[in-house]
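This briefing describes a protein chain by way of its open and enclosed spaces, its nonpolar cores and a few individual residues. The sequence and structure are shown next, and the topics follow in grouped points.

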Amino acid sequence: MLAFRTEDATFSYGNGFALRQISLSANEGEMVGLIGPNGSGKSTLLRLISGILPASEGEVYLDGLSLRRARRKAVSRMVAVVPQQFQMPFAFRVEEVVMLGRTPFLGAFSDSSSREQAIVTQAMDWVGIGELRGRFFNELSGGERQKVVLAMALAQQPRLLLLDEPTTHLDINHQVELLELLKRLNREQGLTIVAAMHDLNLAALYFGRLVTLKAGRIVADGVPGAVLTPSMIAEVFGACVQVQSHPTTQVPFMIVVPP
């Protein structure tokens, strides 16, 4: 069963950049990495799939439901987004930030019930941030904040999780820790995950399918071994690399060749 599907979806900004006739789908339970240079359309595509941006042409479907006819609250109950940057202007405690993920399920004036509190606790336990309860979000490190935002997304109980470069600004141990967590959520919860990735080697390690964008178009879609080739890296990124097999996983591993 498909988690989402786009059919010739197109979107243009005022500066003229566009996603052009994007046709893409993902099965439930897939982990898909979006790769491509800065400005290629990865973030825009995630926003189209989530319904944050409307397609000017074509269609976007979530679980068979056209986003043109869907209510925002209904969409929020199916898909959750972890953005590159999440700003919290007020002094919210960690558990209060995670509770924001329950907003699509709460009435305008309803208080959080014991059931909602239990869902928040479960989301925090999944991510491993129970010890942060009571601390203020704005006082946390970058890695801790990223985990809190992920817990907030999981509190929505989505079927589709979209992440925009989730490892940006994290050091290597937090990058691996976060990606291992996503892999576990995918395996144990059956969560469909689509993430824009900056690091091609990490993308190859953790995503069984890679979709490559260049100038608003999909130019490659497949397993890492078929997508991450020297010719593709040269064409899309303008970089010269050697591609070897990772010593333990056998997935492609890229080594930059200086000019």
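Which backbone nitrogen does the side chain of Ser50 reach? In this predicted model, the side chain of Ser50 comes to 3.3 Å from the backbone nitrogen of Ile52. Ser50 and Ile52 are also among the residues closest to the centre of the largest pocket. The points below begin with Ser50 and its helix.

**Ser50 and helix α1**

- Ser50 belongs to helix α1, which spans residues 42-50.
- Because its relative accessible area is 1%, under the 20% limit, Ser50 counts as buried.
- With residues up to four places away in sequence left out, Ser50 touches Leu67, Arg72, Val75, Val79, Val81 and Leu162.
- Ser50 and Ala80 are 30 residues apart along the chain, and their C-alpha atoms are separated by 7.6 Å.
- Helix α1 is largely enclosed by the rest of the structure, because 8 of its 9 residues are buried.
- The buried residues of α1 are Lys42, Ser43, Thr44, Leu45, Leu46, Leu48, Ile49 and Ser50.
- Gly51, just after α1, adopts a positive phi of about 90 degrees.

**The largest pocket**

- The volume of the largest pocket is about 320 Å³.
- Its lining comprises 17 residues, and those closest to the centre are Ser50, Ile52, Ala80, Val81 and Pro83.
- At least two lining residues come from each of α1 (42-50), α2 (72-76), β6 (79-82) and β7 (160-164).
- Helix α1 makes the greatest contribution to this lining, with 4 residues.
- The lining of the largest pocket divides into 9 nonpolar, 5 polar and 3 charged residues.

**The enclosed cavity**

- The model holds 1 cavity of 30 Å³ or more.
- The largest cavity contains about 40 Å³ of space.
- Its lining is formed by Gly143, Gln146, Lys147, Leu170, His174, Glu177 and Leu178.
- Helices α5 and α6 (172-189) each provide at least two of the residues that line the largest cavity.
- By class, 2 nonpolar, 3 polar and 2 charged residues line the largest cavity.

**Nonpolar cores**

- The largest nonpolar core is made up of 53 residues.
- Within this core, the residues with the most contacts are Ile35, Val98, Val148, Leu150, Leu161, Phe207 and Leu228.
- Helix α5 (residues 142-155) supplies the largest share of this core, with 8 residues.
- A separate core of 28 residues lies apart from the largest one and includes Val32, Leu45, Leu48 and Val194.
- Leu150, one of the residues with the most contacts inside the largest core, touches Val82, Val127, Leu161, Leu163, Leu178, Leu181 and Leu182 when residues up to four places away in sequence are not counted.
- Leu178 also appears in the lining of the largest cavity.

**Asn201 in helix α7**

- Asn201 is part of helix α7, which covers residues 200-206.
- Its relative accessible area is 18%, so Asn201 falls under the 20% limit and counts as buried.
- Beyond its neighbours within four places in sequence, Asn201 contacts Pro252, Phe253 and Met254.
- A polar atom of the Asn201 side chain lies 2.8 Å from the backbone nitrogen of Met254.

**Positive phi outside glycine**

- Most residues other than glycine have a negative phi.
- Glu165 and Ala215 both take a positive value, with phi near 45 degrees for Glu165 and near 50 degrees for Ala215.
- Glu165 is located in the loop between β7 and α6, whereas Ala215 is in the loop between β9 (209-214) and β10 (217-222).
- Is each of these two loop residues buried or partly exposed? Glu165 counts as buried, with 10% relative accessibility, while Ala215 counts as partly exposed, at 47%.

Key
Residues are numbered from 1 along each chain as its sequence is written. This is a predicted model: local features need pLDDT of at least 70, side-chain atom pairs count only at pLDDT 80 or more; totals for chains, interfaces and linings use all residues. Side-chain values use heavy atoms; hydrogens and water are left out. Buried means under 20% relative accessible area, exposed over 50%, partly exposed in between (1.4 Å probe, protein chains only). A polar contact is a pair of N or O atoms within 3.5 Å; within protein, one must be able to donate a hydrogen and the other to accept it, and residues adjacent in sequence count only if both atoms are side-chain atoms. Contact means heavy atoms within 4.5 Å. On a 1 Å grid over the protein atoms alone, a cavity is a set of points where a 1.4 Å probe fits but cannot get out, and a pocket is an open set with protein on both sides within 12 Å along at least five of seven lines; lining residues have an atom within 4 Å of a point. Grid points are joined across faces, edges and corners, and a volume is the space filled by probe spheres set on the points. Ala, Val, Leu, Ile, Met, Phe, Trp, Tyr, Cys and Pro count as nonpolar, Asp, Glu, Lys and Arg as charged, and the others, Gly among them, as polar. A nonpolar core is a set of buried Ala, Val, Leu, Ile, Met, Phe, Trp, Tyr and Cys residues joined through side-chain atoms within 4.5 Å.
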